[in-house]
Amino acid sequence: MMRFEYLVVLFASAVAMNAAAMRFGGWSPIKNINDPHVTEIANFAVTEYVKRSGAKLKLEKVIKGDTQVVAGINYRLVLAANDGSSSNNYEAVVWEKWEHFRNLTSFTPVHA
């Protein structure tokens with residue numbers, strides 16, 4: 001019986017550590033910025049910004065990103081986009097809820 005109790009305590013500790021890592025409100029780095037879903041979110045951000053602003057931008061690549069667990073997931077991405085004459089970096093925040101509900105929360109230039 002002692003071995004079973006040890007396993008229960010070990011399992012409970014692992015669950016608690018994982019829950020702390022995925023706490024609501026905290027930002028966590030995206031481990032694979034080349035994931036197709038991350039690219040899809042970045043394309044959505046650029047396309048939505050172009051619709052709203054009339055700018056002529058095309059996504060080049062995702063540079064880095066973080067996620068935040070909320071009522072859905074916030075994606076905070078730094079991406080490179082080209083306007084036809086030069087490439088610039090932007091920070092985009094996209095809120096995704098369910099599979100296909102997305103909202104561009106912000107899209108701002110990143111100044112080095």
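In this predicted model, strands E4 and E5 pair in the antiparallel sense, with eight bridges between them. Within that pairing, Trp-95 has Asn-103 of E5 as its bridge partner. The two strands form a hairpin with three residues between them, and there Trp-98 takes a positive phi near 65°. Trp-98 belongs to the loop between E4 and E5. Is that tryptophan buried or exposed? With a relative accessible area of 67%, Trp-98 is over the 50% mark and therefore counts as exposed. The loop residue also lines up with a distant stretch of sequence: the C-alpha atoms of Trp-98 and Gly-72 are 6.8 Å apart, although 26 residues separate them along the chain.

Stepping back to the whole chain, there are two helices and five strands. Read from the N terminus, the order of elements is α-β-α-β-β-β-β. The protein chain has 112 residues, and 27% of them count as buried. Its exposed surface comes to about 7700 Å², with carbon and sulfur atoms supplying 60% of that area. As for how the sequence folds back on itself, take the contacts between residues at least 6 apart: 43% of these join residues at least 24 apart.

Next come the other strand pairings. E2 and strand E3, which covers residues 72-82, run antiparallel and are joined by eleven bridges. A hairpin links E2 to E3, and it does so through one residue. On the other hand, E2 also pairs with strand E1 (residues 27-29), again in the antiparallel sense, through three bridges. One of the residues involved is Ser-28, whose bridge partner in E2 is Thr-67.

Two polar residues of E2 are worth a closer look. Gln-68 lies in this strand, which spans residues 58-70, and stands opposite Asn-74 in E3. How much of Gln-68 is left accessible? Its relative accessible area is 12%, which is under 20%, so Gln-68 counts as buried. Beyond its neighbours within four places in sequence, Gln-68 is in contact with Gly-25, Gly-26, Trp-27, Ile-73 and Asn-74. Asp-66 has its place in E2 too. At 19% relative accessible area, Asp-66 falls under the 20% limit and so is also classed as buried. Setting aside residues up to four places away in sequence, Asp-66 touches Trp-27, Ser-28, Pro-29, Ile-30, Asn-74, Tyr-75 and Arg-76. Trp-27 and Asn-74 therefore turn up in the contact lists of both Gln-68 and Asp-66.

Trp-27 and Arg-76, both touched by Asp-66, have an arrangement of their own. The charged end of Arg-76 sits over the ring of Trp-27, at 4.0 Å from the ring centre.

Then there is the nonpolar interior. In soluble globular proteins, nonpolar side chains tend to be buried together. Here the largest nonpolar core has 19 residues, and the members that touch the most others are Leu-77, Leu-79, Leu-104 and Phe-107. Helix H2 (36-53), E2, E3, strand E4 (87-97) and strand E5 (101-109) each bring at least two residues to this core. Which element gives the largest share? That is H2, with six residues. Leu-104 shows what such a core position looks like up close: leaving out residues up to four places away in sequence, Leu-104 touches Phe-44, Ala-45, Glu-48, Tyr-49, Arg-52, Ala-92, Val-93 and Val-94.

Aromatic rings round off the picture. Tyr-49, Tyr-90 and Phe-107 form one aromatic cluster. Of these, Phe-107 has already appeared among the best-connected core members, those touching the most others, while Tyr-49 is one of the residues touched by Leu-104. In total, four aromatic pairs are found. Among them are Trp-95 and Phe-101, with ring centres 5.3 Å apart and planes at 80°, so this pair is edge-to-face. Are these two rings' residues buried or partly exposed? Trp-95 has a relative accessibility of 25%, so it counts as partly exposed. Phe-101, at 35% relative accessible area, is likewise partly exposed.

Definitions and conventions
Residues numbered from 1 in each chain as written. Predicted model: local features only at pLDDT ≥ 70, side-chain atom pairs only at ≥ 80, totals over all residues. Heavy atoms only, no water. Helix = DSSP H or I, 4+ residues; strand = E, 2+ residues; numbered from the N terminus. Buried < 20%, exposed > 50% of the residue type's maximum accessible area, 1.4 Å probe, protein only. Contact = heavy atoms within 4.5 Å. Pairing = 2+ DSSP bridges. Areas by Shrake-Rupley, 256 points an atom, 1.4 Å probe, with all protein chains shown as cover. Phe/Tyr/Trp six-rings, centres within 6.5 Å; stacked < 30°, edge-to-face > 60°. Lys NZ or Arg CZ within 6 Å of the ring centre and 35° of its normal. Core = buried A, V, L, I, M, F, W, Y, C linked by side-chain atoms within 4.5 Å.
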